[in-house]
Amino acid sequence: MRCDLNLDAGFALRPADSSDAPRIALWMAQPHVQRWWLQDWSVERWAQEIEQQAAGVHSAPCVAFVDAEEFGYVELYRVRHDQLAEYYAYEENDWGMHVAIGDVTRVGHGLGRRLLRSLADALLDADPSCSRVVAEPDLENTPSVRAFGAAGFEASGELQLPDKKALLMVRRRQ
């Protein structure tokens, strides 16, 4: 798993490592993130989580930048390796994403939809075998659902996941 995608619109990703745990823990404790992610963990737990993800094949933990400023946390994952695969008819090469804009000053200005579009475009460009990028925001997280919709994702049904009722959002290759 890698974070080395060619993003546009001033965005960039870099692999997260344990030195990012203090910042990520702070972002996850922000009310606008904590409510939906439910991962208001200690710095130590985040360091372990990042190391575990970075060592595996399931997902890539990344720090997101815009115009060289860090503002969020992204996890990119192959659906076939994720619990999400149990809840919808996934295709072998589907990519999934989890995105948190941790910097509260960046929320509500269209940054999320631009990042989501850039990430989906980059995943589809980097992997010709992938025809879909998916996400599963909480059904009640209206700002997130709207951002995915504005980024070209389409609602594809509700899912009852273990920790939430989600809306499967799908961005298809054009």
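Visitor: Hi! Before we start, what does "buried" mean here?
Guide: Hello! Buried means under 20% relative accessible area, exposed means over 50%, and partly exposed lies in between. Keep in mind that this is a predicted model.

Visitor: Okay, let me try that out. Is Cys3 buried or exposed?
Guide: Cys3 has a relative accessible area of 5%, and the cut-off for buried is under 20%, so Cys3 counts as buried.

Visitor: And what is Cys3 joined to?
Guide: A disulfide links Cys3 with Cys62, with the two sulfurs 1.9 Å apart. The count for this model comes to 1 disulfide.

Visitor: Where do those two sit in the chain?
Guide: Cys3 belongs to the segment before β1 (11–15), while Cys62 is in strand β2. They are 59 residues apart, so the pair links distant parts of the chain.

Visitor: Is that disulfide left-handed or right-handed?
Guide: The torsion about the S-S bond is about -85°, so the disulfide is left-handed.

Visitor: How accessible is Cys62, then? Buried or exposed?
Guide: Cys62 is buried, at 0% relative accessible area.

Visitor: I also spotted Cys130. Which cysteine sulfur is nearest to it?
Guide: That would be the sulfur of Cys62, which is 15 Å away, and Cys130 is in no disulfide. Cys130 is buried too, with 0% relative accessibility.

Visitor: New topic: the strands. Which way do β3 and β4 run, parallel or antiparallel?
Guide: Strand β3 (residues 69–78) pairs with β4 in the antiparallel sense, over 7 bridges. To find one on the model, look at Glu75, whose bridge partner in β4 is His98.

Visitor: And how does β4 pair with β5?
Guide: Those two pair in the parallel sense, over 2 bridges, and β5 covers residues 132–135. Here Gly96 stands opposite Val134 in β5.

Visitor: How does the chain get from β4 to β5?
Guide: From β4 the chain passes through helix α4 (residues 111–126) to β5, and this β-α-β crossover is right-handed.

Visitor: Why is β4 called largely enclosed?
Guide: Strand β4 spans residues 95–101, and 6 of its 7 residues are buried, so the rest of the structure largely encloses it.

Visitor: What about β6 and β7, how are they joined?
Guide: A hairpin connects them through 2 residues. Strands β6 (residues 154–161) and β7 (residues 164–172) run antiparallel, with 6 bridges between them. One spot to look for is Leu159, which stands opposite Ala166 in β7.

Visitor: Let's zoom in on Glu70. Where is it?
Guide: Glu70 is in strand β3. Its relative accessibility is 24%, so Glu70 counts as partly exposed.

Visitor: Which side chains does Glu70 make polar contacts with?
Guide: One is Arg14, at 3.0 Å. Another is Arg23, at 2.4 Å. Glu70 and Arg23 are 47 residues apart in sequence, and their C-alpha atoms are 9.6 Å apart in space. Leaving out residues up to four places away in sequence, Glu70 also touches others, including Trp27, Val63 and Phe65.

Visitor: Trp27 is in a helix, right? Which residues of α1 are buried?
Guide: In helix α1 (residues 21–29), the buried ones are Ala21, Ile24, Ala25, Trp27 and Met28. Looking down the axis of α1, these fall within an arc of 160°, so they line one face of the helix. What covers them includes α2 (31–37), α3 (43–55), β2 (59–66), β3 and β4.

Visitor: Okay, now α5. Which of its residues are buried?
Guide: In α5 (residues 142–150), Ser144, Val145, Ala147 and Phe148 are buried. They cover an arc of only 160° around the axis, which puts them on the same side of α5. These buried residues pack against β4, α4, β5 and β7.

Visitor: What does the face turned away from that side carry?
Guide: It carries the exposed residues Pro143 and Arg146. Just after α5 comes Gly152, with a positive phi of about 95°.

Visitor: Last one: what does Ser118 in α4 touch?
Guide: Apart from its neighbours within four places in sequence, Ser118 is in contact with Leu7, Asp8 and Phe11. Ser118 is buried, with a relative accessible area of 1%.

Note on methods: Residues are numbered from 1 along each chain as its sequence is written. This is a predicted model: local features need pLDDT of at least 70, side-chain atom pairs count only at pLDDT 80 or more; totals for chains, interfaces and linings use all residues. Side-chain values use heavy atoms; hydrogens and water are left out. Two strands pair if DSSP finds at least two bridges between them. Helices (H or I, at least four residues) and strands (E, at least two) are DSSP runs, numbered from the N terminus. Buried means under 20% relative accessible area, exposed over 50%, partly exposed in between (1.4 Å probe, protein chains only). A crossover is right-handed if, with the strands pointing away from the viewer, the path from the first strand over the helix to the second runs clockwise. Contact means heavy atoms within 4.5 Å. A polar contact is a pair of N or O atoms within 3.5 Å; within protein, one must be able to donate a hydrogen and the other to accept it, and residues adjacent in sequence count only if both atoms are side-chain atoms. The arc is that of the directions from the helix axis to the C-beta atoms. A disulfide is a pair of cysteine sulfur atoms within 2.5 Å.
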